[in-house]
Amino acid sequence: AFVLLGLVFGSIWWMRGSLSELEGKVADRSHTLRQIEIMAADHAETEAELESLSKQLAQQGSQDVSSFLEQAAEKVGVPEKLDSVRKKTETDDGVLVESVYTVKLSRLDQTELARLLAEVELSDFPARIRAFKVRRRKRKEEVYLDVDMDISAFKLAASSTTEEE
């Protein structure tokens, strides 16, 4: 009777341990499932954003950076102060092509510089200012700024545009 009673209580104790272990596995898997659902929602949101950005890049891809900067300088009223725009490097990761341009501006005042920077950064053109260097010059009583900056421009890679078509 004692051995039988030991077997019954031992079985109950072993089953309770197995049940606790299984409940822990179910809880872990439920947590993992919630994480996967959250990641799937984030992925869907990111895919929609990617589609939107791809359309925007495709629309703006035909415009040259030099002409974009000339138009921006024209809007601000300083086209004669845009000295040069030269391509520095270009990297292609198969999806996106990033071209870095060196831009030189001279004899700007602070207001003109601020308006030009706002025009470049807030436009829909896929470009961002990466490096920025300002030198203050003083000639007689006139104070002006010379600016050197690197601008990255983005466009879709040729391989990704042919896949979409």
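Two strands count as paired if DSSP finds at least two bridges between them, and V85 stands opposite V103 in β2. What you're looking at is a predicted model, where local features need pLDDT of at least 70, side-chain atom pairs count only at pLDDT 80 or more, and totals for chains, interfaces and linings use all residues. Residues are numbered from 1 along each chain as its sequence is written, and side-chain values use heavy atoms, with hydrogens and water left out.

**The sheet**
- Four strands (E runs in DSSP of at least two residues, numbered from the N terminus) form an open sheet in the order β1-β2-β4-β3, with antiparallel pairing.
- β1 (82-92) and β3 (127-139) stand at the edges with a single partner strand each, so one side of each has no neighbour in the sheet.
- β1 and β2 (residues 96-108) run antiparallel and share nine bridges.

**Helices on the sheet**
- Helix α2 (residues 65-76; helices are DSSP runs of H or I, at least four residues) packs on the sheet and touches β1, β2 and β4.
- Helix α3 (residues 110-122) packs on the sheet too, touching β2, β3 and β4.

**A look at S152**
- You'll find S152 in strand β4 (residues 142-156).
- S152 is buried, with a relative accessible area of 0%; buried means under 20%, exposed over 50% and partly exposed in between, using a 1.4 Å probe and protein chains only.
- Contact means heavy atoms within 4.5 Å, and leaving out residues up to four places away in sequence, S152 touches E98, S99, V100, P126, A127, R128 and R130.
- The S152 side chain makes a polar contact (N or O atoms within 3.5 Å, one able to donate a hydrogen and the other to accept it; residues adjacent in sequence count only if both atoms are side-chain atoms) with the side chain of E98 at 2.7 Å.
- Another polar contact, of 3.1 Å, joins the side chains of S152 and R130.

Definitions and conventions:
Axes fitted to C-alpha atoms, helices over the stretch in contact; angles between N-to-C directions.
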